[in-house]
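Reader: Please take me slowly through the cysteine cross-link of this protein and the strands around it. I would like one connected account, with the cut-off behind each term stated as you go.

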Amino acid sequence: QVQLVESGGGLVQAGGSLRLSCVASGRTFSSYAMGWFRQAPGKEHEFVGAISRSGISTFYADSVKGRFTISRDNARDNAKNTVYLQMNSLKPEDTAVYSCAADVSALRVGARSSWAKEYKYWGQGTQVTVSS
């Protein structure tokens with residue numbers, strides 16, 4: 001079992017930045033890949049990006065590439081067990097509920113990471129609103 005809790009959402013002006021956090025508990029954090037998805041009102045779940053178990057590899061949707069960065073803190077000594085989504089140069093179309101998810105089977109990240117069905121555990125989400 002993996003429990004995920006997101007935080008860091010809020011209201012920001014276009015061009016601004018936000019950093020989302022997702023704290024994981026349960027299974028050993030470094031044993032699974034992590035992804036971020038978003039869902040805007042009336043739209044389907046959209047893949048944002050993913051990070052490998054070690055944090056060495058990342059994979060992003062074209063819509064956020066160059067603006068968003070995913071990182072993770074696997075360090076056992078501080079037990080942060082956190083994945084981050086740094087969002088820069090935000091646009092009104094980035095407005096959505098952002099959720100993190102855990103993929104306990106992925107050995108690497110890539111195109112398959114964009115499939116929501118690959119993720120077994122999901123957080124509740126945090127709202128990000130970008131005003132124009």
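Author: A residue is called buried here when its relative accessible area is under 20%, exposed when it is over 50%, and partly exposed in between, using a 1.4 Å probe and protein chains only. By that rule both C22 and C100 are buried. This is a predicted model, in which local features need pLDDT of at least 70 and side-chain atom pairs count only at pLDDT 80 or more, while totals for chains, interfaces and linings use all residues. Residues are numbered from 1 along each chain as its sequence is written, and side-chain values use heavy atoms, with hydrogens and water left out.

A search of the whole structure for disulfides (pairs of cysteine sulfur atoms within 2.5 Å) returns one. The partners are C22 and C100, whose sulfur atoms are 2.0 Å apart, and the link between C22 and C100 is right-handed, with 60° about the S-S bond. Because C22 belongs to strand 3 (residues 18-26) and C100 to strand 9 (residues 96-103), the pair ties together parts that are 78 residues apart in sequence. Strands, like helices, are DSSP runs numbered from the N terminus, a strand being E of at least two residues and a helix H or I of at least four.

From C22 it is natural to turn to the strand that carries this cysteine. Strand 3 takes part in an open sheet of four strands, arranged in the order 1-3-8-7 with antiparallel pairing, where two strands pair if DSSP finds at least two bridges between them. The edges of this sheet are strand 1 (2-7) and strand 7 (68-73), each of which pairs on one side only. From one strand to the next, the twist averages 20°; axes are lines fitted to C-alpha atoms (for helices over the stretch in contact), and angles run from 0 to 180 degrees between N-to-C directions.

Strand 3 can now be followed to each of its partners in that sheet. Strand 8 (residues 82-87) runs antiparallel to strand 3 and is joined to it by six bridges, and within the sheet L20 stands opposite L85 of strand 8. Strand 1 is likewise joined to strand 3 by six bridges, the two again running antiparallel, and here V5 is found opposite V23 of strand 3. V5 lies on the uncovered face of strand 1 together with Q3 and S7, whereas V2, L4 and E6 make up its covered face.
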